[in-house]
Structures are given as C-alpha cells and as structure tokens.
Amino acid sequence: MKVKKEGLQIKLELTREDYYSSVKRMLNILIPDIEVVNDDSAEVVITSNLKVDTDKIKLKTKLVSSDTELMKKDIDTEIRDARYTDGDIERRCRSKVKFHIYQLLVKFLDLTPSPWGILIGVRPTKIGHFLMDKGFNYNEIKNNLQSTYGVSNEKADLLLRVVKKERIYLPTKEEVKDRVSIYIGIPFCPSRCGYCSFPAYGLKDAAKYISPFLKSLHYEIREVGSWLAKNGITVDTIYLGGGTPTTLNEEQLKELLAIIKESFYHLEVREFNVEAGRPDTITKKKLELLKEYNVNRISINPQTMNQGTLKAIGRDHTIREVKDAFKLARQVGFNNINMDLIIGLPGEDEESFTKTVQDIEELNPDNLTVHTMAMKRASRWKQNSNKLDFPQSEEVRRMLALSKQLAINLGVEPYYMYRQKYMLGNLENIGYAKPGLESIYNIIMMEERETVIGLGGGAITKLVNPEDWTIARLNNPKQPQDYIREVEERTTSKLQRLTSLFR
Ligand code: SF4
C-alpha cells in the first residue's frame, strides 16, 4: 500500500538528541513533503537507539505507525580500524543514525532512494579525499560511501573518478604554505538571467557603477599584489569571473588585465581563466587582449541552444552569436574553451535538449560543464518558481543521460563535481574536460585545499589552514556601491587576516 506522504507528521526519538537538528535538516531536503514535529500525536514515530562500545557501534532503529512496524539493526565493527580518530567515529555514528532513519522512511513511503543517499552537502568528493588522506584505498572508500551514506553504485564510481583526477592537480600541504589562488569578481552582465544567484547586475541599472567600481578594484588588486610580493607568496591560478568580465569595454578590460599582470602574473601561474560567458559581450579585440595577457582558458556559455529558452531565461543573445563567438575564440588561438549547459530549464524536454547536444557536439569544446537546474534563494525565479514549467525528474534523468553521451562523444571526462540544494532530481553538476585540460582553479575551489583570495564584487576569500584543512571566509559586498564604499577598510582587514594565516 502506498502511504500518503504530503504533510505526514513524523516524530523522532533519538538517544543522541544532539543529532536531532541534523536529521531533521536531512529529511527536510530529501523528503520535503513530510513534516518533522515534536508532538505525541504524530502519525509516525521513529526511535533510534545508538550504543558505542570500545570496538563496535550498535544501532537499532524502529518506525511505528498505526498499522506498520519496521525495524533495522546494525552492528558496525569498522571503528576497530586504527585509521579512524574519535572525531571520525563520531561522524560515522551520526551518519549511521541518519541513514537508518532515511532507509526506513524510503521503505515506509515506497520512495525511490536518492542516488546520493543521505549526502546533502555541496562537496561529496571531500569524503573521498578525506579517506584517501587516511590511507584508505578506492575499494574501501566505495564500500564506505555505500554502507554509511547509501550512495548508489553509479554515483560512488563517479565520485571516485573525480577524486582520482583531482589528486593529479591538488597541491600538497607543504605547497599551500606559500601560495594562493586569486578570484576577481566583475559583478556586471548585459542583463540578469532568471535563475542567476551570482553577484551580477544588469547594465540597464548598473552601468553607472562600472567606472568607480573598477577604480576600487584596481586599488584592491594592487594592495594584495604588494602584500604577496612582500611576503614571498606566489600565485597558483587566477580566475576572472562575476558576472561577465567581458561586459567591460575594450579599454576597461585592457587596463584591468594590465594591473592583474603587474600584480599577480608570473611564469609559475598554472592557469588564468576568464568567464566570457555571454557571447554578446565578446569581440575579436577583447579575445586578442585576453590572449595577449596570458589567459589560457575561457568560458563561452550558451546554457541551451534553443532560442525560445534563451529568451525565456532572460539572455538577450542568439544561438548564432554563441557559434560565432566560439569560432572567433578558436581563430584567436584559444585551445581550452569551456561551455556551460543547464539541464531542466523551464519548457525544455528531451527533444529540445537533443538539439542543444547536437549543436555543442559540432562546436567541440574542450571543457563542458553540465548543471542541473537548482532554484537558488537569490534568484529572480525563486519567488514564482511554481509558475514555471520545469521538466519532471524522469525527463531530467533522460536529459542527463544525453549529456553523458555528449561527454563521451566529445572525449571529455568528469574532473570536478558539486551538488546544490533544491536541485531537480537530486542530482549533481559535473565539469568535464579533455585529459590535460582540466581547470585547476575549479578543483582547488571545489576541494578547498588552497587559500583563494577573493577580490571585487561579491568575491569570497577562503583562508585555508593546511594543518587540518579548516576554512575561514571573508565576503566582499555584492552591491557595487557597497563595495566601492568599503573597499579600503575591507582590504586592510583582509591583509591582516592573510598575515596571520601565512605567518
Ligand atoms: S550570465 Fe551568468 S552571471 Fe550573468 S546574469 Fe546570467 S547567470 Fe548570472
């Protein structure tokens, strides 16, 4: 019998009450139709009994409703493995409790389990790196992903493929003691896409801020550049993103690139990326400037190759412009071009996505980033998402299968991935690249294994401590007017924090 899940009230009784909010958060995301309540009249009660001895974890979980009783028992002896610390065992206990509860609810409600099991975090690959650092091999990690978190066979294989690739490029603990990557945010775009959650302001309202914003940004770049030189810290990778930096005119772009070169560029920089996402911002001259200033990877992002969808999502460019910009970039000499696609845009289906796939295959980019639609809080669409015609999960899965075939046909392989809340079908975003053309910045940013200094609008600085890979964040203001007003004060405080970290 299928149980009605909308509004179903669940009461949780846990021996470890401190796990309550973490279990509730997981259920809110994975089974949003049910409601976790602290009320004796709840229709379903789940009790979880956890006991940790010196050599084993004993867990018994029971789900009781008016006409059903389901039980799950588990004795886990893996904690005898000397590679685990007390902190690891604590994390394992919490995951086991969550996994039991999720499994019982999946059975009770007759649901299809999430392919990522109970993992709801943005960076599942971190688990792989964490276990590799402890000396676990790929088979052990795969078993762990499946037995502790319920990750499907396919997703566990994907995660391990990505981890293997990433480890080629990730710097060591020693290396990150005197090097950083740089992110520079240009928060302007020709117009704002409906799904956009980035700091990006359309030119119609924000053009007046570009000049004063750039003046402040030049200041911030020069201050940080002098600090790096004074402290003997080298730059590993540079990412100029936003927004769309190529929204700047040729003169503005040239001045900015020259200041970046003078402050950060040297021969050991492994990568210099620029988002040239909107093809309507690209000119031959701008591409030549990027090339002249050592940019070695750019993104030209169509998101879809269907004209109707482009219009519906608020992008005022044409499919022709995407193709022309791509060909122009090849002519100018770019041999590492990324293209972003989004699966699950409103009104799209398997047929329209097939058209996108065919067009992209013809262009033959070197990197392909496939996003699955996620409705983010900061986007324009979030407020009225129920009025938009998003494809159903099954359709999304079929489109995802097409994107995987596209990747095979292009000869690109998965090299980084991340997940987001509220993703259609509970899936993931995957970055693919031809072997040797993986974006190092993307890997570093995803795995948080090197300090990234964020400059410009809405940029986030991540201060990474290599001793335990803990992270502290500093955010630059998103609004250009706030950034302009606060830049001096924030730069001073950023440099103080950097000085303490690299002391
Ligand atoms: S091009 Fe990118 S950054 Fe600009 S509005 Fe669209 S999604 Fe946002």
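**Notes on the predicted model**

1. Let's start with Leu228, which sits in helix H7. Keep in mind as you read that this is a predicted model. Leu228 is buried, with a relative accessible area of 3%. Setting aside neighbours within four places in sequence, Leu228 is in contact with Val180, Ile182, Ile233, Val235, Phe264 and Ile453. For a sense of scale, Lys96 is 132 residues from Leu228 along the chain, and the C-alpha atoms of the two are separated by 45 Å.

2. Staying with that helix, have a look at how it packs. Two packed helices are described by the angle between their axes and the distance between the axes. For H7 (residues 210-231) and H15 (residues 480-501), the axes come within 9 Å and cross at roughly 5°. Angles under 35 degrees count as roughly parallel, so H7 and H15 are roughly parallel to each other.

3. Which residues make that contact? From H7 come Pro212, Phe213, Ser216, Leu217, Tyr219, Glu220, Glu223, Val224 and Trp227, and these meet Pro480, Tyr483, Ile484, Val487, Glu488, Thr491, Lys494, Leu495, Leu498 and Thr499 of H15. By type, the residues of this H7 contact with H15 split into 12 nonpolar, 3 polar and 4 charged.

4. Next, a sheet. How are its strands ordered? The sheet is open and has 5 strands, running S2-S1-S3-S4-S5, with mixed pairing. The edges are taken by S2 (35-36) and S5 (69-76); each has a single partner strand, so one side of each is left without a neighbour in the sheet. Helix H1 (residues 20-30) packs on this sheet, where it touches S1 (9-14) and S2, and the direction of H1 makes about 150° with that of S1.

5. Inside that sheet, S3 (residues 44-52) and S4 (residues 57-64) are an antiparallel pair joined over 8 bridges. If you want a position to click on, Val45 stands opposite Val64 in S4.

6. Strand S16 is worth a look too. It is mostly covered, with 6 of its 6 residues buried. S16 pairs with S6 (residues 179-186), this time in the parallel sense, over 6 bridges. One spot to check is Ser181, whose bridge partner in S16 is Val452.

7. Just ahead of that strand is Glu448, in the loop between H14 and S16 (451-456). Is this residue buried or exposed? At 4% relative accessibility, Glu448 counts as buried, since the cut-off is under 20%. Its backbone deserves a second look as well: Glu448 has a positive phi of about 55° although it is not a glycine.

8. Asp110 goes with it. Most residues other than glycine have a negative phi, and most peptide bonds are trans. Asp110 is not a glycine either, yet has a positive phi of about 55°. Asp110 lies in the loop between H2 (86-109) and H3 (125-133). With a relative accessible area of 46%, Asp110 is partly exposed.

9. One peptide bond to flag: Gly242 and Gly243 are joined by a cis bond, with omega at about 20°. Gly243 is in the loop between S9 (234-242) and H8 (250-264).

10. Back to H14 (residues 440-447), which holds Asn442. What surrounds this residue? Leaving out neighbours within four places in sequence, Asn442 is in contact with Tyr239, Arg297, Tyr415 and Tyr416. Asn442 is buried, with a relative accessible area of 5%.

11. Strand S14 (residues 413-418) is mostly covered, with 5 of its 6 residues buried. S14 pairs with S15 (residues 429-433) in the antiparallel sense over 5 bridges. In that pairing, Glu413 has Ala433 of S15 as its bridge partner.

12. Last, the cysteines. How many disulfides does the structure hold? The count is 0 disulfides. Cys93 is buried, with a relative accessible area of 2%. Cys193 counts as buried as well, at 7% relative accessibility.

Note on methods: Residues are numbered from 1 along each chain as its sequence is written. This is a predicted model: local features need pLDDT of at least 70, side-chain atom pairs count only at pLDDT 80 or more; totals for chains, interfaces and linings use all residues. Side-chain values use heavy atoms; hydrogens and water are left out. Axes are lines fitted to C-alpha atoms, for helices over the stretch in contact, and angles run from 0 to 180 degrees between N-to-C directions. Helices (H or I, at least four residues) and strands (E, at least two) are DSSP runs, numbered from the N terminus. Angles under 35 degrees count as roughly parallel, over 145 as roughly antiparallel, 65 to 115 as roughly perpendicular and the rest as oblique. Contact means heavy atoms within 4.5 Å. Ala, Val, Leu, Ile, Met, Phe, Trp, Tyr, Cys and Pro count as nonpolar, Asp, Glu, Lys and Arg as charged, and the others, Gly among them, as polar. Two strands pair if DSSP finds at least two bridges between them. Buried means under 20% relative accessible area, exposed over 50%, partly exposed in between (1.4 Å probe, protein chains only). A disulfide is a pair of cysteine sulfur atoms within 2.5 Å.
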